Amino acid sequence: MKYVSTRQGRGGVTASQAIIRGIAPDGGLYVPETIPAVDMDFIRRLASMDYRGRAVEVLSLYLEEFSRKELEDIAEASYGDNFDCPAVAPLRVLDGTTAYLELWHGPTSAFKDMALQIMPRLLTASLRKNGEKRTVSILVATSGDTGKAALEGFKGVPGTRIMVFYPRDGVSQVQKLQMATQEGNNVNVVAVEGNFDDAQTGVKKIFADRDFEKVLDGRGYFLSSANSINWGRLVPQIAYYFSAYCDMVNAGALEMGEKLDFCVPTGNFGNILAGWYAKQMGLPVGRFLCASNDNNVLTDFIATGVYDKNRPFHLTSSPSMDILVSSNLERLLYCLSGDADRVRDMMEKLGAEGRYDAGEDLRKAVQAEFTGGFCRDADAKEELGRVWRELGYLMDTHTAVASRVLRQLREKQGVSRPTVVVSTASPFKFGGAVLEALGAVTSETGPALVDELAAFTGLPAPGPLAGLGQKPVRFDKWVTKEDMESAVSEFLA
Ligand SMILES: *Cc1c(COP(=O)(O)O)cnc(C)c1O
């Protein structure tokens with residue numbers, strides 16, 4: 001199977017090459033030339049497997065250069081006791097038609113671990129397969145959770161270095177502390193003045209700088225990305241959509257073959273796009289509900305076909321969704337149109353004018369599978385408090401956005417189809433906002449909020465978060481976005 005760039009559509013590289021490069025030389029994203037198809041027997045077989053087995057089955061369809069044994073070893077190392085629950089991605093069925101897929105039982109308590117525990121292993125295996133001798137240097141722009149998850153995934157991995165940029169004023173105290181206290185001798189963390197889009201644009205510029213590439217090559221380094229634009233990030237995520245479907249069936253909440261909807265709290269469009277791939281492969285999915293917070297670019301895009309990032313940027317209590325440019329949408333536009341020239345044109349318009357019109361045919365194709373919705377910050381908090389009071393289920397602020405959007409849509413449509421709400425972070429990761437939503441009064445800040453939330457709810461905090469306050473801070477530097485490249489140069493001296 002070959003992978004082609006969304007801005008070229010031809011040529012093609014192997015999966016391992018796509019994973020090494022991260023982004024295509026023409027600035028496009030790699031997508032598989034054809035999407036592998038599965039039948040209901042495949043899904044029935046998965047239903048009797050554990051999470052690792054399911055992941056191996058799905059991964060092997062996309063990563064042909066990897067032997068089954070290789071993938072089994074990788075899955076075992078990636079989804080083992082680094083997760084605090086043997087199911088890895090457990091499904092909590094709350095009522096007859098609603099379940100929450102908990103993707104945050106990994107080492108950093110957010111769903112990014114699902115991909116970033118496995119991606120460094122896929123990457124180093126890919127480097128071996130391609131005879132690469134240089135050290136790969138991962139650059140990450142993070143809105144909070146990716147950075148920590150990437151640092152945890154890459155720390156101490158031989159032949160790799162990793163540098164993470166986060167918006168100085170756009171992440172929670174706990175997120176900041178998680179990154180600032182990162183261990184490992186191949187890691188670096190720097191704050192950037194500005195918001196997530198500034199950090200992401202800065203990183204993209206560094207990747208596009210051919211002169212800098214030559215300089216680094218001379219020093220024995222090359223750059224790659226662990227952002228959700230890397231295919232190695234996307235492909236592991238496809239597995240949990242299959243897994244959730246199987247668990248719904250196993251729980252008796254769904255008939256095998258019946259359609260299931262997914263409601264996904266969305267930022268960069270990576271999580272929900274993995275679900276879309278699962279559907280194209282043959283998983284019986286009805287619709288994808290694309291849930292946004294006040295930064296509702298995607299809601300408008302799905303409704304109108306016009307993507308317009310020229311609008312106020314809101315800092316919300318779901319910071320990992322505070323995004324105006326959802327990079328992975330490019331993959332969907334390519335897959336639905338099959339027209340790389342058109343995609344390139346749209347992306348150039350986005351770069352130059354901050355806006356493009358996808359056209360009526362693409363709008364209709366998107367609307368055939370996606371429903372967009374958004375909610376205000378206060379409504380997400382109200383939802384969080386209500387579900388805790390009425391059902392005794394505690395969720396984080398991002399998941400609450402999806403939960404609220406689902407409720408809104410169900411009220412509007414007057415029907416409740418079986419739906420999985422994709423739960424993307426532990427509530428303890430956003431303790432301050434969660435306590436506020438629960439109506440708790442607290443004067444605590446930062447990591448003390450973790451204990452406070454545990455005391456208030458009687459629920460145990462995840463181990464790594466509980467010990468955060470005691471860890472020494474290793475990284476406290478910040479730069480302007482203009483100085484990001486020289487910070488990289490210094491790190492890779
Ligand atoms: C990254 C993240 C999201 C958004 O996921 P995308 O793949 O960027 O759409 C939502 N919630 C949490 C907690 C996240 O960390």
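A search of the whole structure, a predicted model, identified 5 cavities of 30 Å³ or more. The largest cavity has a volume of about 300 Å³, and the second largest has a volume of about 110 Å³.

The lining of the largest cavity comprises 25 residues. Those that lie nearest its centre are Phe111, Lys112, Gly267, Asn268 and Ser320. Three helices, H7 (145-154), H11 (231-250) and H12, each contribute at least two residues to this lining. By residue class, the lining of the largest cavity consists of 14 polar, 8 nonpolar and 3 charged residues.

The second largest cavity is bounded by a set of residues that includes Asp261, Arg287, Leu289 and Thr371. Also in this lining are Leu406, Leu409, Arg410 and Gln413, together with Val415, Arg417 and Thr419. At least two lining residues are supplied by strand S10 (285-292), and at least two by H18. Helix H18 provides the largest share of the lining of the second largest cavity, with 4 residues. The composition of this lining is 4 nonpolar, 3 polar and 4 charged residues.

Helix H12, which spans residues 270-281, contains Ala278. Ala278 is classed as buried because its relative accessibility is 0%, the cut-off for this class being under 20%. When residues up to four places away in sequence are not counted, Ala278 touches Ile238, Tyr241, Phe242 and Leu283. The C-alpha atoms of Ala278 and Ala37 are 9.2 Å apart in space, although the two residues are 241 residues apart in sequence.

Helix H18, a contributor to the lining of the second largest cavity, also takes part in the packing of helix H17. The buried residues of H17 pack against H18 (397-413), as well as against strand S3 (91-95) and helix H19 (431-437). These buried residues are Ala380, Lys381, Glu383, Leu384, Gly385, Arg386 and Val387. In an α-helix, residues three or four places apart point the same way, because there are 3.6 residues a turn. Helix H17 itself covers residues 377-391, 15 residues in total, and reaches 21 Å from its first C-alpha to its last. This span is close to the 21 Å expected at 1.5 Å a residue. Just after H17, Gly392 adopts a positive phi of about 65°.

Definitions and conventions
Residues numbered from 1 in each chain as written. Predicted model: local features only at pLDDT ≥ 70, side-chain atom pairs only at ≥ 80, totals over all residues. Heavy atoms only, no water. Expected span 1.5 Å × (residues − 1). Buried < 20%, exposed > 50% of the residue type's maximum accessible area, 1.4 Å probe, protein only. Contact = heavy atoms within 4.5 Å. 1 Å grid on protein atoms, 1.4 Å probe; cavity = no way out; pocket = protein on both sides within 12 Å on 5 of 7 lines; lining within 4 Å. Points joined across faces, edges and corners; volume = space filled by probe spheres on them. Nonpolar A, V, L, I, M, F, W, Y, C, P; charged D, E, K, R; others polar.
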